[in-house]
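Visitor: I'd like a close look at the salt bridges, please, along with where their partners sit. Take your time, and bring in the surroundings as you go.

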Amino acid sequence: MHTQIVLEMRGISKAFPGVRALHNVDFTLRRGEVHALMGENGAGKSTLIKVMTGVYAKDAGRITIDGATIHFRSPQEAQNFGVGTVYQEISLCPNLTVAENMFIGRGRRGFVNWNRMNGDATRLLESLCIPARPTQELSNCSLAVQQMIAIARAVDMECKILILDEPTSSLDEDEVRRLFALMRELKSRGVGIVFVTHFLDQVYEVSDRITVLRDGELVGEYAASSLPQIELVAKMLGKELGDVAGIRNRRPRTAESGIPVFEATGLSSAAGVRPFDFSIHKGEVNGFAGLLGSGRSESVRAIYAADKVTGGSVRVNGKSVRIGKPIQAMKLGIGYLPEDRKGDGIIAELSVRENIILALQVMEGFFKPFSRKQAEAFADEYIRLLNIKTPSTGTPIKALSGGNQQKVILARWLLTHPEYLILDEPTRGIDVGTKVEIQKLVLKLAEEGVSVTFISSEIEEMLRTCSRLIVMRDRCVVGELEDSGLTQNDVMHVIAGGAEKPCDE
Amino acid sequence: MRRVKATGFHLLLPLSVLAFLVVVNVIKGVDYFSLSVINGALYGNIPNILFGASELVVLAVGMTLVTSSSGGQDISVGVAGAITSSVFVAILLGADKITWWTIFAGFLAGCAVGVLIGAFNGSLVAVFKVQPMVATLILFTAGRSVAFLIDGKLSPILANDLTSRIGGVMPGVFIQTPILLTAVFIALIALLLKTTNLKLYAQSVGVNEKAARLNGIDPVAVKLLTFMLLGVCTAVAGFIAVCKAGRHDSVNLLKYIEMDAILAVAIGGNALGGGKFSVTGSIIGAYTIEVLNRTLLRLEVDTEAIKAVKAVFIIVLMVLASPVVRGYLANAVRRPRSGTQTGTVAEEAEDGWVSAPDAFRGREAP
Amino acid sequence: MRTVKGRETLSNSNLLFMIAAVIFVLMYALAMAIYPGSFLQLQTFFDLFSLNAPLIILTCGMSIVMIGGGIDISVGGVTGLVTMCCAVFLESGGGDVWSSMILALGIGIAFGLLQGFLIAYLEIQPFIITLAGMFLANGLLTTIHKDPLNVTLPGFVALRDAELVIPLLGSHNRLGNFIPLGIKIGAFVVVALVIALAVLMKWSRFGRNLYAVGGNSQSALMLGINVKRTKFQSYLICGSLSGIAGFVYIMTTGAGNVGNASGFEMKAIASSIIGGTMLSGGVGNLLGSPVGALTLLTINELIRAAGVNSNLQAIASGLLLCVFIVLQGVVVRLRGGGNLARALPSWLPAGKTTGKGK
């Protein structure tokens, strides 16, 4: 039985400055199985994978492959050892041909035999039913095909272990089916496959075994057949987290009568969210629930005009307005804390002070800079208010921990005194202490009359803070749940697709 | 202590280079700082450096802004200076009589042309997403010929008292005019940075364009603005240069100054990839280049070899400032005292954030 | 699958090359139509090659560096330095033609090694390093010899004047005398180099790796390519080509001079861009380099033939460059836009057409 195990990871720990990404995690992969690695964002899945493939060095723990203890120093070494990886962000070269992308960086020959390479590629593509020509430039292929080409490359290297990090997020049903067929084929050849995805149905379709991570810790390893979907969701979201500090939005939803602070009808954006209606009242906290990729972020981005708005009408405090650019939304009292803190939120090299005053400063206008004293006062005030841990106001924000960076962005928007604040995953990837602080803050803001839209991967958290949940799946709204008697199970049923209301009208 | 270190660190490189050069000069002869008064104006090593570097300083300031917002460099500044000054000269020579007013009008016209040039380069960069160096290569190729066509002939001569006073000394003033003009220019730039959010906007766009947009900044407008400001800088530099020279040589005026301006930005401790910038650093960098040139002359390096020695100096400087070498040096320095410094930082992080979940769970467990 | 093979979409590299080639052919045809007297003669065409051989060689080197995502502005300076070193060496009495060739190549390689190391392994900005390289080359040039130096060594003069004469393909001069077509050695060097380099970039491991590095160095690293070594090699090749170009230069003009090849770096960059190489890296076709250079040269010849103000040459070059840059930007963006629409999963309403469908 023991010989069946191809990869064994024991007691893996990994910390980054200020964040503990993995703590004492075990993972076991057997020959010829598809092993799903599950967990919400920040659970540590990608860190675990990167430790597996030698991108990160582990702080503690032991990795064995076929019984031999190994220690990869680079992705290249892992590749040579039979660990093939297909990353979520495609790491191929767009300007090379399909065949080249499959064979470059391998072998030692000084010259390329195009005929042979294209021949090999054709055979490989045909055997895997990938609709691409070897001589095609990669950038002319759809993302799905690119993804399959990356898989084909990994397959051709005859790996013992194949890691698929969210390979299906850009595939359509047909392509997913083909990918699964391929996975089963590889499985029968004895390859161990690690499969990361956010789509629950897919997990049950191909996986033999499921390992769940949460907050960088191992929740458990289960046989797929013995773990019902609803229980899996519960394990991922951490239901047993319990009654955190007794936070609860006790406020009844403010009377329907008043004019909504923000109201949109038929809003849609270039990011592909289907037209939806939305409204929020003064002092209300509502949220978009749904798994990653369900369109929850795209919806709020459409509200803030972060993506190009392609349709719909918007009313703020009853007045019809046009929001085409973020600055227009800001001037109407809307604040937006983006999901991607690094890419969209922080200005990494600038100081904490500059990051805090940025939004208010832009609203003030180009010709009215705050004095240094004023800026310092603002920064000091909010550093104290939100308990931001920073050596000084002049420290570059990139030197802060994730939780403190998030608080700085939050401070940026609080400083503008918004009427309506959108928080997209404000608690993602930060420690529990700060999470609770942020939740409390949201409720305090609501009491002061600020309307808040709160998005989180943790249903628990949303139930605590929101009085109304808009549930999304496949980029459209599939349900709206009121607070009264709302339980986690109800929400999870709708999210997991247990409930009625199909996506297409 | 910490704050001083944080704000002053980026000037360490240019200042230490400058200090090194001054020390070399002093060792060569203590008369380095001596001043003399000729025809009622100050001369000597220091005034000569300030005088000689004036155009470079002006251009380095503009280049810093463009580098910050666009992450690339404008290689057409010398050429643009030649064009703006040719317009200035054309207006002066076209006037019946050269007065302060005609000079002022000519200068304004030069600035307007500079803004146009900046708008052209800037729109290629901001709207068409062309790399700055490629975009400005167009003007670099064609510009000197345009300047020649505006001149209409080879080297028109500015023979009058007023412009030679601008390029030399005003009667009754102690200091050469270009030095004063540069000082005024620096003061205006300081004022601009003080009274507007230019620095914050340009840096935000340069560091993270997406985030800047989500905070209401228009990246296209900011990039265009910095290119237009650089256009004005080329007009000022061209104005000073042509007044100094007394004639407009469309082929050689401000030749190769774009390279020095970019170098000044780099020596000033600014990243050529954009983002955070320090105008002070670039200004010091520009003066450093001038000091370097004059130091080599003073050390009696052959005029023929000056460029080679300068190149070696730059290469050594860049090697010392390169991320790889700096990382290596930092490691070498840190190792002996790692017990104290890094230890406390790690502790701080652990207290604050890493152990927080544990503390929380501990409470929850019972 | 066989059936779709015919309509393979062009890669960006090839598309930009095709645009450059078509425009060059059109421009040359136009030139022939307007000034049949000179442009219809084969001699004119081959002279473009022979007289501008150094620039074409430098353009090839520049293209290689640019495909890898870098830039080298020392090429003109190095070329000038090589011409002077060869001139001094040949005139010193002890030099012969073969050793001077090795000297030329050696200087180029030395610059390539130094710059490549600093850029690839120490990760210093290529612009600043090669700028310093240009200063260094210029400084060394003036240090070695300041005044124009004509090479009079008989062996060299013979090489300089050597021509392949093709008697059948000549033309009549104004007096009606028949002058056979003569092709200088430089033209052959160019043709050989262009073919060799095109082969290198198309078929060698290095060439393909370089495209990968220029396209996305992060991905290239993930695909198991030694990014640093590849970059280093590209600068090394560019440096060697500068050396060769220097020797071809002096073989064409026969003299060392301070002003030799000055400003060639920018001309080479412009030619590369016109030839379809993008400064952002990963896109370019080596065959485009000579086409780009020839396009630039033809427009200059045209204006010279027109006999108008010679300053218009530079302005026309600038305009040509501007047209190409904007054209390339638009073409690449249009194609990129297409990719963006395709980037969305197909089950999503991509744009207006399918938005109402379901």
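Guide: Let's start with helices and strands: these are DSSP runs, H or I over at least four residues for a helix and E over at least two for a strand, numbered from the N terminus. What you're looking at is a predicted model, where local features need pLDDT of at least 70, side-chain atom pairs count only at pLDDT 80 or more, and totals for chains, interfaces and linings use all residues. Residues are numbered from 1 along each chain as its sequence is written, chains are lettered from A and ligands numbered from 1 in the order written, and side-chain values use heavy atoms, with hydrogens and water left out.

Helix α14 of chain C, residues 288-306, is a handy place to begin, because C:Glu301 and C:Arg304 are three residues apart in it, about one helical turn. An α-helix has 3.6 residues a turn, so residues three or four places apart point the same way. C:Glu301 and C:Arg304 make a salt bridge, with the closest N and O atoms 3.6 Å apart. By salt bridge I mean a side-chain nitrogen of Lys or Arg within 4 Å of a carboxyl oxygen of Asp or Glu. As for cover, buried is under 20% relative accessible area, exposed is over 50%, and partly exposed is in between (1.4 Å probe, protein chains only). So C:Glu301, at 23%, is partly exposed, while C:Arg304 is exposed at 54%.

Now over to chain A, for a pair with a different address. A:Arg30 and A:Glu33 form a salt bridge with their closest N and O atoms 3.8 Å apart. A:Arg30 counts as buried because its relative accessibility is 17%, and A:Glu33 is buried too, at 4%. The pair belongs to a network of salt bridges that also links A:Arg209 and A:Glu221.

And what sits beside that network? A:Thr28 does: it lies in strand β2 of chain A, residues 19-30, and touches A:Glu33 and A:Glu221. Contact here means heavy atoms within 4.5 Å. Leaving aside neighbours within four places in sequence, the other residues that A:Thr28 contacts are A:Ile5, A:Leu7, A:Arg10 and A:His35. With A:Arg10 there's also a side-chain polar contact of 3.2 Å. A polar contact is a pair of N or O atoms within 3.5 Å; within protein, one must be able to donate a hydrogen and the other to accept it, and residues adjacent in sequence count only if both atoms are side-chain atoms. A:Thr28 has a relative accessible area of 5%, so it counts as buried.

Another chain A pair is A:Arg301 with A:Asp307, a salt bridge at 3.1 Å, N to O. A:Arg301 is buried at 16%, and A:Asp307 is buried at 16%.

Stepping back, a search of the whole structure turns up 30 salt bridges over all chains. For some background on the chain that holds the helical pair, chain C has 16 helices and four strands, and 53% of its 358 residues are buried. Of the contacts in chain C with a separation of 6 or more, 74% are between residues 24 or more positions apart.
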